[in-house]
Amino acid sequence: MSSPCGPEHAPAGDVGTALLIIDSRLKSVHDGKTGADPEQQELIDQFTASLGPEAANDVLDGACTLIYMFMQWLRMAYEGQDKDVVAFVVPDLVAMMRMMPRSVRPEVIPTMAGLVIAAGTGLSPNLWRKQYGPWTEDEMNPLEATAFLLAEHINRITGDRDFATRLITEVLAGSDED
C-alpha cells in the first residue's frame with residue numbers, strides 16, 4: 001500500500017545547491033575549522049537572501065532529498081550486516097545534535113530524529129514533516145546539521161571523506177543521462 005508520504009509523491013527540490021552547502025561544511029570541518037567561517041557564512045547568507053520563496057523551498061526540498069538518499073544508502077549498508085539502520089544511526093545523530101546547542105535547539109531534535117526515521121523507513125522526510133505544519137525558522141540549521149551529520153556518518157563508515165558527496169554527484173550525473 002502506497003503512503004501519501006512516499007518518496008514518489010515528494011518534490012526532489014534543488015539537490016545540487018543543498019549538496020553544495022553540505023559539501024562546503026564538510027570541507028570546512030575537515031580543514032579544522034570548527035566554527036563558522038565568516039567569509040563562507042557571508043557568501044551563504046548572501047546566496048540564501050537572493051533566493052525567492054520558491055527557490056528557498058526548492059533548496060529545503062533538496063536537503064530533505066539528501067537526507068532520504070543518505071538514509072537509503074545507510075539502510076542498505078546496515079542491512080548488509082543484518083543491522084537496523086534506525087538503531088545505529090538515530091542514537092548517534094541525537095547525541096551529536098545534543099552537543100551542538102548553539103546550532104540545534106533541544107526542542108527540534110525530536111523532529112530531526114523523526115525525519116531520519118521517516119527516511120530510514122522509506123518515507124519522504126519532507127512530506128512526513130509537512131504533516132505537522134509549515135517548516136519553522138528554528139528548524140533550518142538543524143535540517144542542515146542533519147544532512148551534514150548523515151554525510152559524515154557515511155564518510156566515516158567508508159573511510160573516505162568525500163564518499164557521501166560523490167555518491168550524490170554520481171546519482172545526479174546518472175539522472176542527467178536518462
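# Around helix α5

Me: What covers the buried residues of α5?
Reply: Helices (H or I, at least four residues) and strands (E, at least two) are DSSP runs numbered from the N terminus, and buried means under 20% relative accessible area, exposed over 50% and partly exposed in between (1.4 Å probe, protein chains only). Contact means heavy atoms within 4.5 Å. The cover of the buried residues of α5 includes α3, α4, α6 (125-130) and α7 (140-158).

Me: What kind of model is this?
Reply: Residues are numbered from 1 along each chain as its sequence is written, and side-chain values use heavy atoms, with hydrogens and water left out. Local features need pLDDT of at least 70, side-chain atom pairs count only at pLDDT 80 or more, and totals for chains, interfaces and linings use all residues, as this model is predicted.

Me: How many of the 12 residues of α5 are buried?
Reply: The buried residues of α5 include I109, M112, L115 and V116. Glycines are on the list too, namely G114 and G120. The helix is mostly covered, and of its 12 residues the number buried is 10.

Me: How far apart are the end C-alpha atoms of helix α5?
Reply: The expected span of a helix is 1.5 Å times one less than its number of residues. Helix α5 (residues 109-120) has 12 residues, so it should span 16 Å. The model agrees, with the end C-alpha atoms apart by 16 Å.

Me: Which residue just after α5 takes a positive phi?
Reply: The phi angle in question is about 90 degrees. The residue that takes it, just after α5, is G122.

Me: How many aromatic pairs are in the whole structure, and how is the pair of Y78 and F88 arranged?
Reply: Rings of Phe, Tyr and Trp (its six-membered ring) pair if their centres lie within 6.5 Å; planes under 30 degrees apart count as stacked, over 60 as edge-to-face and the rest as tilted. A search of the whole structure finds three aromatic pairs. For Y78 and F88, the centres are 5.2 Å apart and the planes 20 degrees apart, so the pair is stacked.

Me: Which helices does this pair link?
Reply: Y78 and F88 are 10 residues apart, and the pair links distant parts of the chain. Y78 is buried at a relative accessible area of 9%, whereas F88 is partly exposed at 39%. The helices linked are α3 (residues 53-79) and α4 (residues 85-98).

Me: How are the rings of W128 and Y132 arranged?
Reply: W128 is buried at 18% relative accessibility, while Y132 is exposed at 56%. Their ring centres are 5.3 Å apart and the planes are at 65 degrees, which makes the pair edge-to-face.

Me: Over the ring of which residue does the charged end of R129 sit?
Reply: A charge sits over a ring if NZ of Lys or CZ of Arg is within 6 Å of the ring centre and within 35 degrees of the ring normal. The charged end of R129 is 5.3 Å from the centre of the ring of W135.

Me: Is N155 buried or exposed?
Reply: N155 lies in helix α7. Leaving aside neighbours within four places in sequence, its contacts include L26, D160 and F163. Its relative accessibility is 3%, so N155 counts as buried.
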